[in-house]
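Colleague: Please take a close look at one helix near the start of the chain and tell me what surrounds it. Then follow its contacts outward into the rest of the model, and keep to what the coordinates give.

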Amino acid sequence: TKVLLTGGSGFIAAHILEQLLAKGHSVVTTVRSEEKAAKIREAYPEKVASGDLVTAIVPDIAQPNAFDEVVKTPDLEVVLHTASPFHFKFSDPKELLDPAVIGTTSILRAVAASAPTVRRVVVTSSFAAIVDEAHVRDPSHTFTERSWNPVTLDEVHKHPSTAYRASKTFAERAAWDFVKDPANGARFDLVTVNPPMVFGPVVHYLASLDAINTSNERMVDCLRGKWREEVPSAGPVVIWVDVRDVAEAHIKAGLEIPEAGGKRLFVTAGLFSNAELARIARKNFPEDADRLPTEQTKGGELPAENERFRFDNSETNKLLGIKYRSLEESVVDTIKSLKKYGA
Ligand code: NDP
């Protein structure tokens, strides 16, 4: 199958790319610069030689016509749109909102206009578009595939994480609105993948420890000794999933399970806490004991059962049939990969 993967330099996208190529699919992937494109090509010389891996430069996804050219690649069947900012280093929420929302609408518009062979578009959304900040500590509240973050535009200045969650919510809403409106002429269906916190090894070839993807930052902090005195709280979003399972979900949703069309896929392996991450690190990496939190270090435990939300993603699990990796496997593999970069 011929696939267009946006944001191929990202933490999650790198795993999607690896799995797509391993399964023999043909991939065109977009990145922001030739420097990143070259690193990706260097990682797969044989796939480049066979024509199964092509890189394309899309410098700014916040431009409404960003994807107009790349979607004209002949015979594309599936589009996986992962590119979207996930960081908190912005001065104006627009720096997140525009690439998230315009990036999503511009790819859908371009596919509808110029890629008639595309049968499905998968958009990487997030649990951020499911969660309701007012209910994260509410045990009577169950988040499911049908839950929507009610955040509004006037709340985006509240907190950087609110701005990020709003960017994902508005982008996903825009995607569903686009395919619903017959005037847009979409001849493809839509699937969204909505993961919570994603951990797992970096296969980046692009990664540097100081520019590690946002969801693995906590692991770098832990390894750098920042949790020695006190393990920080993980915040209210206490569910997670391994990056390799997220990648598999994209591929199943996009290429392998026709019935996924029109669905929001809430992929999660379950609960985690920073205290649990620290325990796993200590157990598996005794050689790092002098920088990891000790058994006595306090903090970072899971909120009590009556102080946290419930979730039910059984519909997603039934549809995808993914056996999620355990937290221990994920954390161990993450730390191993970070150590390769000198952590
Ligand atoms: P990364 O930061 O590693 O990847 C983000 C990707 O988007 C990169 O390829 C990045 O390009 C690209 N990108 C960001 N902003 C722009 C922009 N303005 N113009 C063009 N490209 C841009 O993060 P993840 O891999 O974690 O995130 C991938 C997707 O998964 C995102 O949609 C994110 O919202 C979603 N997600 C992530 C979760 C997590 O915990 N990691 C949880 C839930 C959803 P570049 O490499 O050049 O910066």
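**Helix H1 and its surroundings**

Modeller: The buried residues of H1 pack against strand S1 (2–6), strand S2 (26–31), S4, strand S5 (120–124), strand S8 (197–199) and helix H7. This is a predicted model. The buried residues in question are Phe11, Ile12, Ala13, Ala14, His15, Ile16, Leu17 and Leu20. H1 itself covers residues 11–22. Its 12 residues should span 16 Å at 1.5 Å a residue, and the end C-alpha atoms lie 17 Å apart, which agrees. Just after H1 comes glycine 24, with a positive phi of about 85°.

The helical partner of H1 deserves a separate description. Two packed helices are described by the angle between their axes and the distance between the axes. For H1 and H7 the angle is about 60° and the axes are 8 Å apart. The two helices are therefore oblique to each other, and their crossing is right-handed. On the H1 side the contact is made by Phe11, Ile12, His15, Ile16, Gln19 and Leu20. An α-helix has 3.6 residues a turn, so residues three or four places apart point the same way. On the H7 side the residues met are Val243, Arg244, Val246, Ala247, Glu248, His250 and Ile251.

H7 runs over residues 243–256, and its 14 residues reach 19 Å from first C-alpha to last, close to the 20 Å expected at 1.5 Å a residue. Because 12 of those 14 residues are buried, H7 is largely enclosed by the rest of the structure. The buried set includes charged side chains as well as nonpolar ones: Arg244, Asp245 and Glu248 are in it, and so are Val243, Val246 and Ile251. Ala247, Ala249, His250, Ala253, Gly254 and Leu255 complete the list.

One residue of H7 can be followed further. Valine 246 touches Ile12, and beyond H1 also Val193, Pro195, Val198, Val241 and Val267, leaving aside residues up to four places away in sequence. Val246 belongs to the largest nonpolar core, which has 96 residues, and is among the five that touch the most other members. The other four are Ile16, Val79, Val111 and Leu265. H1 and H7 thus each place a residue in that group, Ile16 and Val246 respectively. Helix H4 (residues 94–114) gives the most to this core, with eight residues.

H4 has a helical neighbour too, helix H5 (residues 160–180), and their axes come within 8 Å and cross at roughly 15°. They are therefore roughly parallel to each other, where H1 and H7 are oblique. The crossing of H4 and H5 is right-handed. From H4, the contact is made by Leu96, Leu97, Ala100, Val101, Thr104, Thr105 and Leu108. From H5 come Ala163, Tyr164, Ala166, Ser167, Lys168, Phe170, Ala171, Ala174, Ala175 and Phe178.

S4, one of the strands against which H1 packs, covers residues 78–81 and is preceded by a loop that starts from strand S3 (53–57) and contains proline 74. With 7 other C-beta atoms within 10 Å, proline 74 is exposed. Its C-alpha atom is 9.8 Å from that of serine 114, although the two residues are 40 apart along the chain. Aspartate 75 lies in this loop between S3 and S4 as well. It has 10 C-beta neighbours inside 10 Å and so counts as exposed. Its phi is near 65°, a positive value in a residue other than glycine.

A further helix pair can be set beside H1 and H7. The axes of helix H8 (residues 274–284) and helix H10 (residues 327–340) come within 10 Å and cross at roughly 65°. That makes H8 roughly perpendicular to H10, and this crossing is right-handed. Glu276, Leu277, Ile280, Ala281 and Asn284 of H8 meet Leu327, Glu328, Val331, Val332 and Ile335 of H10. The buried residues of H8 are Asn274, Ala275, Glu276, Leu277, Ala278, Ile280 and Ala281, and they pack against helix H6 (217–223) as well as H10.

How values were computed. Residues numbered from 1 in each chain as written. Predicted model: local features only at pLDDT ≥ 70, side-chain atom pairs only at ≥ 80, totals over all residues. Helix = DSSP H or I, 4+ residues; strand = E, 2+ residues; numbered from the N terminus. Expected span 1.5 Å × (residues − 1). Buried ≥ 20, exposed ≤ 12 C-beta atoms within 10 Å, placed from the backbone. Core = buried A, V, L, I, M, F, W, Y, C linked by C-beta atoms within 7 Å. Contact = placed C-beta atoms within 7 Å. Axes fitted to C-alpha atoms, helices over the stretch in contact; angles between N-to-C directions. Parallel < 35°, antiparallel > 145°, perpendicular 65-115°, else oblique. Left-handed = near helix turned anticlockwise from the far one by under 90°.
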